[in-house]
Amino acid sequence: MVIEFLIKLAQGLGIGALALATGLLFGGIGRKIIARIQRRYGPPFTQNYIDLFKLFSKGSVSHGWAFDLGLVAGFAPMLAALMFLPIGPFTLLPSDSSLIMIVYLMMMAYLGMAMGVLASGNPNSAIGMSRALMLMAGYEVPFAAVIFSVYLFSKTGYLTQIVAQQAGGFMNWNIVKMPLGFLAIEIALQGMLGEKPFDQAIAPAEIASGPMVELGGKYLGFGMIQHSVGLFLETGIVVDLFLGGAPNFWIFIAKQFVLYFIVILVDAILPRLRIHESTSFFWKLPLFLGILQAVIVIIQGGVLNV
Amino acid sequence: MELNLLKESNDYKYYELFIGPNHPGIEGNFSYVLKMKGHSVEEVTPDPGLLHRGFEKLMERRLWTQNLALIPRICVPEPDVNEVAYCLGVEHMMGIDVPKRAQYIRVIVLELARIASFLFGMSGLGGTTGHYTSVQWLIGDRDYILDLFEWLTGGRVYHIYQYPGGVKNDLPEGWLDKLSDFLDYLEKRLPEYDKFIFKNPIIQKRTVGLGYISAEDAIENGLTGPNLRASGVMYDIRKAQPYLVYSELDFDIPKTGDGDAFSRVLQRRLELSESIKILRQCIEQIPEGPHRTKVPNPFQFRVPKGSYYSKVESSRGEFGYYIVSDGDVKPYRVYVRGPSYSIGLYYATKALVGMRIEDVPVWIHTTDMCPPDFDR
């Protein structure tokens with residue numbers, strides 16, 4: 001029993017490290033691609049590892065216990081959510097891989113981060129965090145509509161089962177069966193990752209990088225970890241929901257990268273919307289697509305016949 | 001938030017927010033202190049005085065020609081207008097005739113600097129709206145102009161190339177050909193910028209109708225340059241009171257006239273095309289001859305007693321130098337009229353009130369202000 005627990009613990013830590021390493025690598029490659037679009041040479045794709053190492057080797061200024069606790073609370077639920085994510089053929093806790101649980105933990109992470117940065121007392125942080133939460137209220141609605149469609153279609157809320165139902169080739173993937181839902185979740189992903197046109201929470205010229213303005217050293221390092229793990233988790237969810245999961249880890253991260261690639265291409269060419277425009281946008285086109293997808297699933301009879 | 005909190009009601013928090021001096025949304029060593037109500041600006045207090053130079057006072061302590069190395073610092077993105085305006089004033093007071101070739105070279109330098117400044121100014125819109133690809137593209141193209149300046153003057157940003165009586169050196173061999181190649185390249189890039197920036201629906205959404213300035217307000221508050229012309233007042237010193245050889249050149253003043261942030265940037269974009277037109281004519285028409293009239297030894301250089309106001313049209317508007325001489329080897333007094341002073345220090349206190357925080361840096365950068373000319 002104890003040995004089993006220790007093995008699970010080691011596997012959990014391994015998944016966390018893997019997600020972090022992959023997220024940082026994606027970020028580094030993303031920076032390089034954006035640099036090339038912008039006619040720059042760009043930093044090496046390992047720059048994010050170097051930055052993280054540097055941040056954790058620097059001294060840090062704390063703004064009190066709520067600040068410290070908030071940042072840990074922002075990072076821990078992300079790691080916890082990873083334990084339920086099917087990564088290729090591997091899921092640490094397959095019997096508990098409920099989508100609701102994962103989405104709940106992701107929201108907890110953002111609320112934790114909000115608690116931390118609000119404790120810094122900087123008005124830019126407060127505005128940034130209020131924008132992040134407002135944006136969340138925007139993209140979570142179409143995201144929920146898509147999850148509802150997948151529930152109706154797959155008749156299960158467990159990611160492991162949703163992945164299993166898509167086995168057998170490309171034509172079984174949910175992207176083929178629910179293309180509108182995929183489109184809606186891809187747009188929502190742009191907001192979840194905070195990339196343009198939905199990067200209002202950190203808008204440097206407007207609010208001096210918002211939540212990050214009071215983060216330095218290890219605290220900024222924690223923020224970077226949260227973003228990198230979030231990147232792995234959020235793209236991973238879409239791979240499992242719509243791209244049929246993956247038979248091995250390498251194919252899984254290749255599929256994640258395709259999603260991230262689309263996100264950074266959009267990020268490179270579009271400017272930033274105002275915050276209220278972003279929220280209302282999410283409540284229009286992506287939500288419409290999500291609801292339309294749910295209606296199509298219902299009409300196709302998958303649910304009414306139950 | 002509690003650190004800057006002024007008061008709190010059931011609906012709003014009232015607090016202070018600093019845009020600058022260490023803030024990506026501001027230009028130069030300058031700051032606005034905003035009193036905020038929720039996300040909207042209630043009161044604006046400009047906070048200049050952070051440059052710690054005192055150009056005007058420094059000029060009184062230096063020889064007439066030594067000042068040429070100091071004054072370009074008054075406007076970093078477009079330093080040449082200072083040099084030319086100052087030289088025009090000194091030449092007028094001394095009665096020096098500037099050779100035709102030198103006048104053409106001055107126009108080439110001014111128009112090239114104007115294009116560089118417009119590219120820099122348009123990139124400000126990208127920086128504030130997060131359209132960073134346009135920023136990198138525009139700054140990248142501006143670098144080709146800096147290469148040309150480096151070849152001509154030895155300096156990339158500050159050129160210190162003008163001198164009473166003309167310019168310090170003649171154009172190097174092949175320089176005009178290279179300039180012509182660059183203009184060809186830039187003209188090919190412009191449709192791409194139009195599509196990428198001005199036809200971008202989000203850029204339009206964020207700038208059309210923002211920070212409207214009526215023609216009456218623009219005149220009353222002393223606005224000049226593209227900011228004035230974007231409000232529909234077609235005043236340009238190059239046309240109204242031509243200096244150098246502008247009267248021999250054929251160019252138009254583009255009309256946008258909507259008075260909002262979008263038209264202010266569009267005005268610059270259209271004027272950029274006119275500057276290309278002017279440069280092409282200069283390449284064709286520039287005569288042979290001396291590039292400078294000989295003037296006395298700098299240590300014995302005395303300007304006759306009197307005063308004169310010389311002005312040039314910069315990319316931001318009227319740049320003027322009011323020069324007073326008591327016949328000494330140094331100026332008695334030099335007053336600099338910068339184009340950003342009126343809009344950045346005065347009009348901003350009216351224009352920013354009621355604006356949402358996300359629009360403030362967009363407004364600042366679409367007016368293309370240059371705060372060192374507040375702190376001169």
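This report walks through a predicted model with chains A and B, from the overall build of chain B to single residues in both chains.

**Chain B as a whole**

Let's start with the overall picture. Chain B carries 12 helices and nine strands. Its C-alpha trace extends about 75 × 50 × 35 Å along the principal axes. For 376 residues, a compact globule would be expected to have a radius of gyration near 21 Å, and the 21 Å of chain B agrees with that.

Of the 376 residues in chain B, 61% are buried. If we take contacts between residues at least 6 apart in sequence, 69% of them join residues at least 24 apart. The accessible surface of chain B amounts to about 14,400 Å², and carbon and sulfur atoms account for 49% of it. As for charge, chain B has 44 positive and 50 negative side chains, with the centres of the two sets 3 Å apart.

**Two nonpolar cores**

Next, the interior. The largest nonpolar core holds 115 residues, and B:Tyr32, B:Tyr321 and B:Trp363 are the ones that touch the most other members. Helix 3 of chain B (residues 100-129) supplies the largest share of this core, 14 residues. A second core, separate from this one, has 74 residues, including A:Leu52, A:Ile102, A:Ile162 and A:Ile264.

B:Tyr321 is worth a click in your viewer. Once neighbours within four places in sequence are set aside, its contacts include the tyrosines B:Tyr86, B:Tyr308, B:Tyr309 and B:Tyr335. Among the other partners of B:Tyr321 are B:Met59, B:Ile71, B:Ile74, B:Val334 and B:Val336, and B:Asn82 and B:Ser310 are on the list as well.

**A helix that meets the other chain**

In chain A, helix 12 covers residues 275-282, and its buried residues are A:Ile275, A:Glu277, A:Ser278, A:Thr279 and A:Phe282. What do the buried residues of this helix pack against? Within chain A, they pack against helix 5 (123-154), helix 8 and helix 13 (285-299). From chain B, helix 6 (201-207) joins them.

**Backbone details to look at**

Two residues other than glycine have a positive phi: A:Arg39 and B:Asp368. The table sets them side by side.

| Residue | Phi | Place | Relative accessibility |
|---|---|---|---|
| A:Arg39 | near 65° | loop between helix 1 (2-37) and helix 2 (47-56) of chain A | 41% |
| B:Asp368 | near 55° | segment after helix 12 (360-366) of chain B | 3% |

Are these two residues buried or exposed? A residue is buried under 20% relative accessible area and exposed over 50%, with partly exposed in between. A:Arg39, at 41%, is therefore partly exposed, whereas B:Asp368, at 3%, counts as buried.

Chain A also has a cis peptide bond, between A:Lys196 and A:Pro197, with omega about 10°. A:Pro197 sits in the loop that runs between helix 8 (179-192) and helix 9 (204-207) of chain A.

**One more residue in chain B**

Finally, have a look at B:Asp184, which belongs to helix 5 (residues 175-198) of chain B. With a relative accessibility of 35%, B:Asp184 counts as partly exposed. How far apart are the C-alpha atoms of B:Asp184 and B:Val208? They are separated by 31 Å, and the two residues are 24 residues apart along the chain.

Definitions and conventions: Residues are numbered from 1 along each chain as its sequence is written. Chains are lettered from A and ligands numbered from 1 in the order in which they are written. This is a predicted model: local features need pLDDT of at least 70, side-chain atom pairs count only at pLDDT 80 or more; totals for chains, interfaces and linings use all residues. Side-chain values use heavy atoms; hydrogens and water are left out. Helices (H or I, at least four residues) and strands (E, at least two) are DSSP runs, numbered from the N terminus. The radius of gyration is taken over C-alpha atoms; the globule rule is 2.2 Å times the number of residues to the power 0.38. Buried means under 20% relative accessible area, exposed over 50%, partly exposed in between (1.4 Å probe, protein chains only). Contact means heavy atoms within 4.5 Å. Accessible areas come from the Shrake-Rupley method with a 1.4 Å probe; for residues, only the protein chains shown count as cover. Lys and Arg count as positive and Asp and Glu as negative; His and the chain ends are not counted. The place of a charge is taken as NZ of Lys, CZ of Arg, CG of Asp or CD of Glu. A nonpolar core is a set of buried Ala, Val, Leu, Ile, Met, Phe, Trp, Tyr and Cys residues joined through side-chain atoms within 4.5 Å.
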